[in-house]
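Here's a quick walk through the contact surfaces in this one. Have the viewer open and follow along.

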Amino acid sequence: MRLLLIEDNVPLADELTALFTQHGYAVDWCTDGRDAAVMATSEPFDVIVLDLGLPGRPGLTLLEQWRADGLDIPILILTARSSWSERITGLRAGADDYLPKPFHPDELILRLQALVRRRHGQRPSPTISVAGVVLDENGQSAWRASNETPVNLTRAEFAILRYLMLHPDHVIAKDRLLDHLYDSEHDRNPNVVEVHINHLRQKLGRGVIVTQRGQGYRFGGDATAA
Amino acid sequence: MSLTRRLDLGLLASVLVVMLLLAHGSVVLFDQVMRDYLTERLREDAESLATLPVNSNNEVQIDPLRLRASFNQVYSGQYFVIDIDDDIHLRSRSLWDYRLKPASGDTAQIRRGPEGQSLLVWTGRYHRGDHHFTITTALDYSSVTRRLDWLRLCIWALGGVMAILLVFIQRRVIRLGLKPLGRLQRELAQLHEGRRMALETRVPDEIAPFVAELNHQLGRIEQVLNRSRDGIANLSHALKTPLSVMEAQLARRELEQFPDLRNSLHARLDDIHRLVERELQRARLDTGEVSPAARFRPATDLAPLIETLREIYPDITFVDDSAELPSLPWDRDEMLEVLGNLLDNAGKWAASLARLTLAREDEWLVMTVEDDGPGIPAEKRSHVMGRGTRLDEQVSGHGLGLGIVEQIVQHYGGRLRLEDSALGGLMVTVELPISGD
């Protein structure tokens with residue numbers, strides 16, 4: 001799950017990057033509004049966290065421009081401006097959520113999860129449940145509905161499984177998976193993905209991820225239940 | 001005492017003094033001129049009397065027919081006495097039995113005469129032949145005095161009328177001249193109500209420096225206020241980012257071993273946050289003036305708010321039961337803050353329904369927000385009010401909502417009440433006085 005963080009305060013960006021990474025997001029970070037304008041459209045992000053008080057270009061202008069250009073990524077505004085009129089302005093400019101600073105990190109993560117879920121037509125809840133497999137986003141664990149024993153996942157496994165489960169009926173090309181799992185500076189190695197997928201299959205059953213030869217991967221669900 | 005009154009009294013006094021002097025002076029001058037003129041006549045009369053023929057017995061023949069008629073008429077007002085060589089005394093018949101003493105010196109004198117007349121008496125001395133003539137002529141001056149008195153009266157009356165006229169004219173002039181002051185007064189009133197930031201009336205040069213200085217000071221005050229307000233706002237906003245950093249740092253896994261420390265730091269951060277929000281809100285409220293463009297218009301401002309809340313709480317039905325209301329005399333942002341926080345609380349606690357009602361009752365705007373949630377037991381309500389406690393922390397947010405609402409409601413002189421709702425949950429009622437509208 002790729003996340004674009006646009007925040008000009010370095011200490012906060014550091015903390016947030018660590019927080020997001022810990023929760024299975026691949027984070028790219030911009031400090032300047034002009035960089036962000038280009039970045040958001042050139043990379044396949046799944047969610048954007050936007051600070052409004054930016055050097056270069058104000059966050060609201062960015063937001064309006066992206067929405068006018070048809071950019072459809074969920075955007076969460078993170079800002080020191082906490083009044084309701086500012087909140088209404090932000091949401092009407094096209095943001096999907098608005099979180100005033102200071103915030104509790106847990107709340108930010110919950111809001112992000114809810115945003116992403118809503119975008120994929122799922123109801124916000126602590127777990128994603130698709131085709132007999134349940135993924136706990138907060139605990140980063142998964143289990144089969146037929147088995148009920150939670151299995152802990154590594155961060156990468158969790159990120160892959162979440163991405164596939166949020167697109168249950170799609171065949172995801174390996175490149176696309178890589179695009180969404182690693183930030184732009186990360187060394188992306190296709191073989192590593194295969195290793196993670198193998199681990200997932202060991203943990204949750206062979207059928208949980210189906211390889212469509214030459215096309216990519218597809219979420220298979222709980223094969224034993226089917 | 002007002003300036004106009006002072007000027008009125010001053011003018012009235014000075015006009016009266018001038019009139020007094022004028023009346024007196026002119027009467028004195030007139031009197032003088034009149035006496036000179038009449039003295040001349042007396043002298044002529046005396047000279048003509050001096051030419052009366054004197055017979056061989058040293059007797060002056062007075063032929064009554066040769067004299068002016070008025071000399072022969074008793075107490076007619078024209079008299080003469082002729083003394084020749086101190087032994088012959090001749091008197092005009094008009095004197096009858098009145099004894100007229102000669103005047104001393106060369107000037108005419110006023111004397112009391114017969115029948116209450118006041119006489120102008122003049123005495124001249126002549127030599128003719130061996131004879132000394134002392135001729136005293138007199139005429140009744142009281143008619144002149146009467147006329148002079150009348151003249152004095154006239155001038156007094158005229159002066160009085162003029163004084164009144166002058167006062168009226170001056171009033172008019174002053175009123176015209178002070179018109180800018182009236183406008184100034186109105187502008188000052190507007191200034192006081194905060195509907196104006198500077199005085200713009202063109203004023204006379206005399207008071208222009210005052211107005212300029214006042215404007216200068218007002219500008220300075222506004223600048224200082226703005227600076228401190230902006231300063232507080234900037235500081236508050238700037239503090240929020242480090243607060244967020246600390247919140248994020250507190251959430252680090254390393255700290256999970258020290259739950260007490262974490263909770264304590266957490267509470268302190270919340271305290272700071274609450275202070276920051278309160279000062280920020282106070283700085284906002286201090287803006288004072290509500291420009292017409294920033295006024296709260298329920299007709300257009302409520303819909304986006306409700307829309308936003310529906311997005312935030314998709315499971316809750318938000319109902320807006322508000323009456324049609326015109327634009328109201330409060331700042332739009334503050335009203336949105338009040339309603340936003342109340343509706344947000346309602347959204348957090350409601351089971352499925354939250355209702356907003358705005359209505360005008362006499363001079364009050366009554367806003368109620370209610371929900372069908374669990375509500376707050378009566379005994380805990382006072383606890384929730386008064387210090388912005390965070391009863392809603394379990395749900396989310398920092399429990400600032402109601403505190404800010406209270407702050408704003410207090411600022412506008414309103415009332416805040418918590419009651420049971422007919423929907424089953426809590427009903428928050430905010431009443432704001434509509435004044436000056």
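## Inside chain A, then across to chain B

About 1400 Å² is buried between domain 1 of chain A and domain 2 of chain A, with carbon and sulfur atoms giving 42% of that area. Keep in mind that this is a predicted model.

Where are these two domains? The domain assignment puts domain 1 of chain A at 2-119 and domain 2 of chain A at 127-219. Their C-alpha centres sit 25 Å apart. On the contact side of things, 17 residues of domain 1 of chain A touch 18 residues of domain 2 of chain A.

As for specific pairings, the rule turns up one salt bridge across this domain interface. A:Arg117 and A:Glu137 form a salt bridge, with 2.4 Å between the closest N and O atoms. There are also nine residue pairs in polar contact between the two domains, counting pairs with both residues at pLDDT 80 or more.

Which elements of domain 1 of chain A supply at least two residues each to the side that touches domain 2 of chain A? They are α1 (10-22), β2 (26-30) and α5 (105-119) of chain A. The top contributor is α5(A), with four residues. By residue type, that side of domain 1 splits into seven nonpolar, five polar and five charged.

Now for the interface between the chains. Here 34 residues of chain B are in contact with 23 residues of chain A. Together the two chains bury about 2600 Å², and 57% of that is on carbon and sulfur atoms.

The rule finds one salt bridge between chain B and chain A. In a salt bridge, the side chain of B:Arg252 meets that of A:Glu15 at 2.3 Å, N to O. The polar contacts across this interface come to 12 residue pairs, again with both residues at pLDDT 80 or more.

On the chain B side, four helices each put at least two residues against chain A: α4 (208-250), α5 (259-285), α6 (298-312) and α7 (332-349). The largest share comes from α4(B), at nine residues. Sorted by type, the residues of chain B that touch chain A are nine nonpolar, 12 polar and 13 charged.

Here are the two salt bridges in one place:

| Interface | Residues | N to O distance |
|---|---|---|
| Domain 1 and domain 2 of chain A | A:Arg117 and A:Glu137 | 2.4 Å |
| Chain B and chain A | B:Arg252 and A:Glu15 | 2.3 Å |

How values were computed. Residues are numbered from 1 along each chain as its sequence is written. Chains are lettered from A and ligands numbered from 1 in the order in which they are written. This is a predicted model: local features need pLDDT of at least 70, side-chain atom pairs count only at pLDDT 80 or more; totals for chains, interfaces and linings use all residues. Side-chain values use heavy atoms; hydrogens and water are left out. Contact means heavy atoms within 4.5 Å. Buried area is the accessible area (1.4 Å probe) that two parts lose on being put together, summed over both. A salt bridge is a side-chain nitrogen of Lys or Arg within 4 Å of a carboxyl oxygen of Asp or Glu. A polar contact is a pair of N or O atoms within 3.5 Å; within protein, one must be able to donate a hydrogen and the other to accept it, and residues adjacent in sequence count only if both atoms are side-chain atoms. Ala, Val, Leu, Ile, Met, Phe, Trp, Tyr, Cys and Pro count as nonpolar, Asp, Glu, Lys and Arg as charged, and the others, Gly among them, as polar. Domain bounds come from an automatic or database domain assignment.
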